[in-house]
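Visitor: I would like to learn how to read the packing features of a protein model. Could you take me through some of them, one at a time?

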Amino acid sequence: MPSLLVIGAGPAGLTAAYEASKLGLNPTLVESDRQVGGLSRTVNYRGYRFDIGGHRFFSKVQLINNMWEEMLGEDFLLRPRLSRIYYHNHFFNYPLKAFDALIGLGPIEAALVGLSYTKARLLPRQEETSFEQWVSNRFGDRLYRIFFKTYTEKVWGIPCNEISADWAAQRIKNLSLREAVLGALLSTNRTNDGELITTLIERFQYPRLGPGMMWECCRDLLAARGHETIEGVHVESIRHHRGRVEAVYGRTGDGQRAEFGADNFISTMPLRELVFSLDPMPPDHVLQAANYLRYRDYLTVVLIVKRESVFPDNWIYIHSPEVRMGRIQNYKNWSPEMVPDQSRTSLGLEYFLWEKDDEWRWSEQRLIERAIKECSQIGLIDAGEVEDGTVVRMKKAYPVYDQHYKTSLAILREYIESFSNLQTVGRNGLHRYNNQDHSMLTGIFAARNIIGERNDVWSVNTEMEYHEEARAEKAPARDRLVPTMIPCGVSVGADKPVDADKPVDADKPVDADKPVGADKPVGADKIDDELISAAFARLDPLALGVSVSIVTALSLFLSTVILLLKGGEIIGPNLSLLSNFFPGFSLTWGGALIGMIEAGIVGFGLGMLIAYLRNWGIEAYAALLSHRAQVKAQNEVLDKIL
């Protein structure tokens, strides 16, 4: 039975070991902490349980859903989601609701947001290398500054123009201002083609006693199968020779040295630490690339409040720059059993820091005092209601996507792949800001690779379609994804191993030497509708209609109000001519309101019409370009034949 050593007992590491045990392998896990679960663990403080950040359980990958259900069964609860954004002394519903946002922002600010969005669609930034550029192109600069900039810079500690656009593409994915508005007006959280907007999920599953319950259960299931999880061992060095890892050396909490040998190794360590642990050391350029990788650290202050209910949300995003915290969790609203006393509420105030920051080294009492002050400042509690508190710190919680990470990651990936029996998985193991289910998927794929499958764990991230759709023609051959989720040859939970002789998609192997698109007609890759759409951004009829409606209505109303306030014997003789076009409009207060409504309706229709006409023109031009390209491609083929 081939042996496997898994470094790290978080979701990815435990899932890798769990899958390996089903495949007939013999896994052992080593974990530096005294508790399994990694970032998804649940801390227990005097009976009060809390997460390290709050972890929803939702996945489009049925294999992952099956595994969760298999582990917890009835202890896996279905919970409602409620979250809001706190900004400028106002709580905005999130997902955004049109009337709530209008009241919170005010009609003038809402109109400016609409104009800003229209400008972004008409004149998008040509370059999209930064988070700021990516979001501004899709939401408009004004909405970006209101609902994205402050919070994002709190989380990452660097300006948004230094954060890679890759992070936005992964985390925000298919959500757009248009879809958010439609969701608010029509009570839907799906795109036009029916796809679920994952950012706006209204319900999720959650373990009865927190996410750590899931991973403690996984550890126990492994133990029942005879596979050990050794906690409290910090890996110090990884010995390798001629492209193979031979052994891992670690040290226990009491200083004893431990050695672990195996046939195969899977690591969830932060990629930077893994590289610097290798013995012998990698080449200088690899070490330099590893040193460029950065990680954001996390700290949560938990307050025990003498109140049965503080607010109804699961969590609240804090966008206001006046306070340092970035988010507040209400653990009782995740699961009632997260608190031992239903007359009390436990709140988690989350702070995102660098380990080098002075605040990271503050005493627990000082951090609790600051948290109480900030929570009182935004009006959620009174300072006297807090009866207890604690602090939990988590180093290297989030891999940072700065403007240089991709270059470094490419170098490290090439080097790691030179080892025949070492794979890295999980959020930190791949330096990918993956969701929990994607981290688990990398663990599953890595375990299956050991028995002969060829899964690219580096391609599993929140930008992909959860491996449910094959889009290999758009990626380099080395990055092609497994087209579909292939079961292990048996139902989930069975102990029978899969057919190890036949890898996933064995009938259609990827030819690494074959150029991408080799099967496409000559010239077909020179022009396509997606490239045309990217070059000529379509106008959103709904957004333009709303924007023109607001501007038209406010312009007429404010013009009338100014003339009324100015007064005189004859008020606005020229403006009064508009009554010929807007029945009921007159230079009176009542007439101003009627005119504003009528102007808004006309403006909405005009904006929609302009957008539709412009989009029709673009589509017609795209069709013409496509036809020309096809004719040219046919001519090229004929030239080669003749």
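**Reading the packing**

Guide: In helix α2, the buried residues are Leu 63, Ile 64, Asn 65, Met 67, Trp 68, Met 71 and Leu 72. Keep in mind that this is a predicted model.

Visitor: How should I read a list of positions along a helix?

Guide: An α-helix has 3.6 residues a turn, so residues three or four places apart point the same way. With that in mind, go back to the list for α2, which includes Ile 64, Met 67, Trp 68 and Met 71.

Visitor: What covers the buried residues of α2?

Guide: The cover includes α1, β5 (76-80), β8 (203-207), α9 (211-224) and α15 (436-450). After α2 comes Gly 73, which has a positive phi, near 60°.

Visitor: At what angle do α1 and α2 pack?

Guide: Helix α1 (residues 11-22) and helix α2 (residues 62-72) pack at about 85°, and their axes are 13 Å apart. The two helices are therefore roughly perpendicular to each other. On the α1 side the meeting residues are Thr 15, Tyr 18, Glu 19 and Lys 22, and on the α2 side Met 67, Glu 70 and Met 71. Met 67 and Met 71 also appear in the list of buried residues.

Visitor: How do α11 and α13 pack?

Guide: Here the angle between helix α11 (residues 284-292) and helix α13 (residues 405-416) is about 130°, with the axes 8 Å apart. α11 and α13 are therefore oblique to each other. The crossing of α11 past α13 is left-handed. α11 makes the contact through His 285, Val 286, Ala 289, Ala 290 and Tyr 292, and α13 through Ser 408, Ile 411, Leu 412 and Tyr 415.

Visitor: Is Asn 291 of α11 buried or exposed?

Guide: Asn 291, in helix α11, has a relative accessible area of 53% and is exposed. Not counting residues up to four places away in sequence, Asn 291 touches Arg 272 and Phe 276. Its C-alpha atom is separated by 9.2 Å from that of Glu 273, and these two residues are 18 apart along the chain.

Visitor: Now the aromatic residues. How is a ring pair described?

Guide: A pair of aromatic rings is described by the distance of the centres and the angle of the planes. Searching the whole structure gives 22 aromatic pairs. For Phe 352 and Tyr 398, the ring centres are 6.0 Å apart and the planes are at 55°, so the pair is tilted. Phe 352 belongs to strand β18 (residues 345-353) and Tyr 398 to strand β19 (residues 386-399), so the pair ties together parts 46 residues apart in sequence. Phe 352 is buried at 3% relative accessible area, and Tyr 398 is buried at 5% relative accessibility.

Visitor: Which residues do ring pairs link into a cluster?

Guide: The cluster consists of Tyr 151, Phe 204, Tyr 206, Trp 315, Tyr 317 and Trp 334.

Visitor: Where does a charged end sit over a ring?

Guide: One case is Arg 296, whose charged end sits over the ring of Trp 354 at 4.6 Å from the ring centre. In another, Arg 427 lies over the face of Tyr 433, 4.3 Å from the centre of the ring.

Visitor: Which contacts does Thr 300 have, leaving aside its neighbours within four places in sequence?

Guide: Thr 300 lies in strand β15 (residues 295-305) and counts as buried at 0% relative accessibility. Its contacts beyond those neighbours are Phe 50, Tyr 331, Gly 348, Leu 349, Glu 350, Thr 390, Val 391 and Val 392.

Visitor: Where is Ile 381 found?

Guide: Ile 381 is in the loop between α12 (364-377) and β19. At 3% relative accessibility, this loop residue counts as buried. Leaving aside neighbours within four places in sequence, Ile 381 is in contact with Leu 303, Val 305, Arg 307, Val 310, Leu 347, Cys 375, Ser 376 and Val 386. The C-alpha atoms of Ile 381 and Lys 306 are 9.7 Å from each other, and the two residues are 75 apart along the chain.

Visitor: And the chain as a whole?

Guide: The secondary structure comes to 18 helices and 20 strands. Of the 642 residues in the chain, 53% are buried. Among contacts between residues at least 6 apart in sequence, 71% join residues at least 24 apart.

Terms used
Residues are numbered from 1 along each chain as its sequence is written. This is a predicted model: local features need pLDDT of at least 70, side-chain atom pairs count only at pLDDT 80 or more; totals for chains, interfaces and linings use all residues. Side-chain values use heavy atoms; hydrogens and water are left out. Rings of Phe, Tyr and Trp (its six-membered ring) pair if their centres lie within 6.5 Å; planes under 30 degrees apart count as stacked, over 60 as edge-to-face and the rest as tilted. Helices (H or I, at least four residues) and strands (E, at least two) are DSSP runs, numbered from the N terminus. Buried means under 20% relative accessible area, exposed over 50%, partly exposed in between (1.4 Å probe, protein chains only). A charge sits over a ring if NZ of Lys or CZ of Arg is within 6 Å of the ring centre and within 35 degrees of the ring normal. Axes are lines fitted to C-alpha atoms, for helices over the stretch in contact, and angles run from 0 to 180 degrees between N-to-C directions. Angles under 35 degrees count as roughly parallel, over 145 as roughly antiparallel, 65 to 115 as roughly perpendicular and the rest as oblique. A crossing is left-handed if the near helix is turned anticlockwise from the far one by less than a right angle, and right-handed if clockwise. Contact means heavy atoms within 4.5 Å.
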